[in-house]
Each structure stands twice: as C-alpha cells, then as structure tokens.
Amino acid sequence: VDNDAADSDDEIDVVDDDPLPQVAALIHDGYLYKQGQTHKRWSRRWFELRGTRLSYFKGRKDQKPKGYIDLTDSRLYIPPDAEQSARKGKFRFNLITTVRAYALYDVSQETMEEWMRVIENVIQNGEP
C-alpha cells in the first residue's frame, strides 16, 4: 500500500536544487519499501542506484525522484527485529547515513540480499 498522502514529503532530501544530475551509469534498480521519517508508514518506492547516490521515486516511470540517499560515509545495519519481520514476509535492513537512518524492506530475501550486496560494494569501493 502506497501511503503518499501521509508520507507526503516528510523526506528531508531536497532534489530541486540537486547539484548532481543523474548522469552516472545505473548500477541497480528495483522496488523496495521505505519507511517515512515522520509518519513511520511504509511506502513502496522505485529505487535507482547510480554512483554513490540511491534515488527513490514514487513509481518506476517517474522522472523526478522524491529524494535520494547519499551513500558516502554510510553503513548497512540489520535491525534486531529483522528475523521476526522476515517471518511476516518483510526482509528488513537499515541504511544509516550522516543525515538520517532509512528503514527499508523487500518481500524477497534474495532481492533484499542483492540490494545489500550492491549497496555495500558502493559503500566500500565508492563509485564503480
């Protein structure tokens, strides 16, 4: 369920004055669920990883991202309740940045692990 009205722009990321256009090659893309910062509701978002930037969009066909996550100086974290969530079909991980913590999940463990692999690779090695 996409709760955009409740999640409406409780994101802290501003993309209107974005100094880095998305010119980097696409590394990975797909849907993930992201928890809103203020309302804590989960929204399905289309994510694109380019360079050290993980952009998220309301849907796959959208051209303008709702926000982005700078992976520079970030780290992945598996929350303590991840196993309990997995039993409910929510394979969770957190992305901790210098700005905030992002709670994310996928409905597939395999896809979640793939996201974690590519994100960790960018964190460790910078842009590919």
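Visitor: How many helices and strands does the protein have?
Guide: This is a predicted model. Along the sequence, its elements follow the pattern α-β-β-β-β-β-α-β-β-α. The protein therefore reads, by element type, as three helices and seven strands.

Visitor: In what order do the strands stand in the open sheet?
Guide: The pairing in this sheet of seven strands is antiparallel. Neighbouring strands are turned by 35° against each other on average, direction ignored. The order is E4-E3-E2-E1-E7-E6-E5.

Visitor: Which strands stand at the edges?
Guide: A strand at the edge has a single partner strand, so one side of it is left without a neighbour in the sheet. The strands placed this way are E4 (67-70) and E5 (75-77).

Visitor: Which element gives the most residues to the largest nonpolar core?
Guide: That core has 19 residues, and those with the most contacts inside it are Leu54, Phe93, Leu95 and Trp115. Two or more residues come from each of strands E2 (42-50), E3 (53-57), E6 (91-96) and E7 (101-106) and from helix H3 (109-125). With six residues, the element that gives the most is H3.

Visitor: Which residue in E7 is the bridge partner of Phe93?
Guide: E6 and E7 pair in the antiparallel sense over six bridges. Phe93 is in contact with residues including Tyr102, Ala103, Leu104 and Trp115. Its bridge partner in E7 is Leu104.

Visitor: What angle does the direction of H3 make with that of E6?
Guide: H3 packs on the sheet, where it touches E1 (26-35), E2, E3, E5, E6 and E7. Its direction and that of E6 make an angle of about 15°.

Conventions
Residues numbered from 1 in each chain as written. Predicted model: local features only at pLDDT ≥ 70, side-chain atom pairs only at ≥ 80, totals over all residues. Heavy atoms only, no water. Helix = DSSP H or I, 4+ residues; strand = E, 2+ residues; numbered from the N terminus. Core = buried A, V, L, I, M, F, W, Y, C linked by side-chain atoms within 4.5 Å. Buried < 20%, exposed > 50% of the residue type's maximum accessible area, 1.4 Å probe, protein only. Contact = heavy atoms within 4.5 Å. Pairing = 2+ DSSP bridges. Axes fitted to C-alpha atoms, helices over the stretch in contact; angles between N-to-C directions. Lists of a residue's contacts leave out its neighbours within four places in sequence.
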